[in-house]
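Let us walk through this structure from its building blocks to its ligand shell. Keep the sequence and the 3D view side by side as you read.

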Amino acid sequence: TKPLLQITGLTTELGDPAQPARVVDGLTLDIRSGETFALLGESGCGKSMTALSLMRLLPPSGRITAGSVQLGGTELLSLTEAEMRQVRGGQMAMIFQEPQTSLNPVLTVGTQIGEAVRLHQGDARQRLGAERALELLRAVGIPDPEQRLNEYPHQLSGGMKQRVMIAMALAGNPRLLIADEPTTALDVTIQAQVLRLLKAVQSENGLAVLLITHDLGVVAETAERLAVMYAGQIVETAPVAEFFVQPLHPYSRHLLESLPEASKRHGRLAVIAGRVPSLDQVFQGCRFVDRCPAAIARCRLEVPEWRMLDEGRGVRCHLAESVGVEVPDRPAVPV
Ligand code: SF4
Ligand code: MG
């Protein structure tokens with residue numbers, strides 16, 4: 001079957017066009033209806049810029065310079081802004097890390113969800129807004145929804161605010177939900193509830209979720225497939241189950257070692273010195289070379305090509321050409 005979302009060669013630049021930072025560089029991936037696809041990486045890797053590119057909500061200094069984004073066969077990059085507004089909050093919706101920054105503090109919950117519903121359905125169905133708002137609050141598991149409708153965001157806990165955000169995102173019956181670190185600001189119990197809620201909504205209506213996260217625990221719990229992003233590029237893609245058994249890219253291995261259980265098991269904390277390189281340069285070799293415990297001389301001289309291996313696994317690393325190549329232990333510090 002055709003994927004719901006097909007991204008091909010998406011490239012996004014920020015800042016001075018003479019020396020732009022290429023924050024998303026040739027990103028290619030597809031997402032199917034009903035699946036959760038995780039985009040994983042530390043902050044500054046280009047995950048959020050990818051999401052904002054898909055929504056066409058880039059900051060003023062940003063622009064998409066190449067690529068294609070097809071949602072259900074429609075090329076989003078050639079839509080007018082007015083057409084794109086219809087897609088946002090309609091077929092495609094997004095929820096953010098900080099619900100408090102996206103909710104209007106002076107409007108009640110009911111008014112805001114009602115607005116989202118009306119935006120989608122048009123004036124003719126205005127009176128349905130309140131009813132539907134109530135239905136959505138029930139769907140996202142908010143207790144006493146009738147009362148909540150009349151409350152303001154400051155009266156809600158962080159978890160409840162995130163649920164309200166999800167309710168608003170669902171108001172237009174989207175086919176794709178982009179969730180950018182949706183649980184990062186929440187405590188662990190609430191995190192799990194919000195993730196379960198998304199799963200439940202998904203299994204009911206075939207919603208596809210692009211889950212953006214730096215948290216492998218969250219990925220393990222919710223996603224079927226993933227892509228690991230580093231310095232604006234995808235460095236590995238895999239079915240989640242196989243990824244956990246055998247990550248191929250040294251950066252992926254680092255992320256796995258960063259899991260709290262892993263560091264406990266090994267009695268140490270994995271560390272990788274250094275930071276994501278700045279993206280306003282032309283790279284001569286691998287972008288991960290300064291931090292890679294497995295680097296060889298070739299890695300500084302030659303940009304690693306993207307390679308598909310088998311069964312949906314792909315990797316960008318000179319050493320991962322044959323699966324199972326032993327990568328030397330990374331430096332570690334005792335706990
Ligand atoms: Fe490390 Fe070289 Fe692979 Fe880059 S190409 S991740 S530097 S081994
Ligand atoms: Mg981010």
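A residue is called buried here if 20 or more other C-beta atoms lie within 10 Å of its own, and exposed if 12 or fewer do. Helix α1 puts that cut-off to use. Seven of the nine residues of α1 are buried, so the helix is largely enclosed by the rest of the structure. The buried residues are K47, M49, T50, A51, L52, S53 and L54. Right after α1 comes R56, with a positive phi near 55°. Bear in mind that this is a predicted model.

What does α1 pack on? It sits on a sheet, touching β1, β2 and β4 (62–71). The direction of α1 makes about 70° with that of β2. The sheet is open and has four strands, in the order β2-β1-β4-β5, with antiparallel pairing. Strands β2 (21–31) and β5 (74–75) stand at the edges, each with a single partner strand, so one side of each has no neighbour in the sheet. Strand β1 (residues 5–14) pairs with β2 over seven bridges, in the antiparallel sense. To find the register, start at L5: its bridge partner in β2 is I31.

Now step back to the whole chain. It holds 13 helices and 14 strands. Of its 335 residues, 42% are buried. Among contacts with a separation of 6 or more, 64% link residues 24 or more positions apart.

A second sheet is also open, and it has eight strands. Their order is β6-β7-β8-β3-β9-β10-β13-β12, and the pairing is mixed. At the edges are β6 (92–95) and β12 (307–308), each pairing on one side only. Helix α7 (residues 158–170) packs on this sheet, where it touches β6 and β7. The direction of α7 makes about 170° with that of β6. Further along the strand order, β9 (residues 225–230) and β10 (residues 233–239) are antiparallel partners, joined over six bridges. Here L226 has A238 as its bridge partner in β10.

How is the chain divided? Domain 1 takes in 5–91 + 174–334, and domain 2 takes in 105–173. Where they meet, 12 residues of domain 1 are in contact with 14 residues of domain 2. On the domain 1 side, helix α8 (residues 188–205) gives the largest share, five residues. That side has nine nonpolar and three polar residues, and no charged ones.

Two loop residues deserve a look for their backbone angles. D144 lies in the loop between α5 (128–139) and α6 (145–148). Its phi is near 45°, a positive value in a residue other than glycine. E181 is not a glycine either, and its phi is positive too, at about 50°. This residue is found in the loop between β7 (176–180) and α8. Which of the two words, buried or exposed, fits D144? D144 has 9 C-beta neighbours inside 10 Å, so it counts as exposed. E181 has 20 other C-beta atoms within 10 Å, so it is buried.

Finish at the ligand. How many residues surround ligand 1? There are 13, and the closest are C286, C292, A295, C299 and C317. By class, this shell has 11 nonpolar and two polar residues, with no charged residue in it.

Terms used. Residues numbered from 1 in each chain as written. Chains lettered and ligands numbered in written order. Predicted model: local features only at pLDDT ≥ 70, side-chain atom pairs only at ≥ 80, totals over all residues. Domains from an automatic or database assignment. Contact = placed C-beta atoms within 7 Å. Nonpolar A, V, L, I, M, F, W, Y, C, P; charged D, E, K, R; others polar. Near = placed C-beta within 6 Å. Pairing = 2+ DSSP bridges. Axes fitted to C-alpha atoms, helices over the stretch in contact; angles between N-to-C directions.
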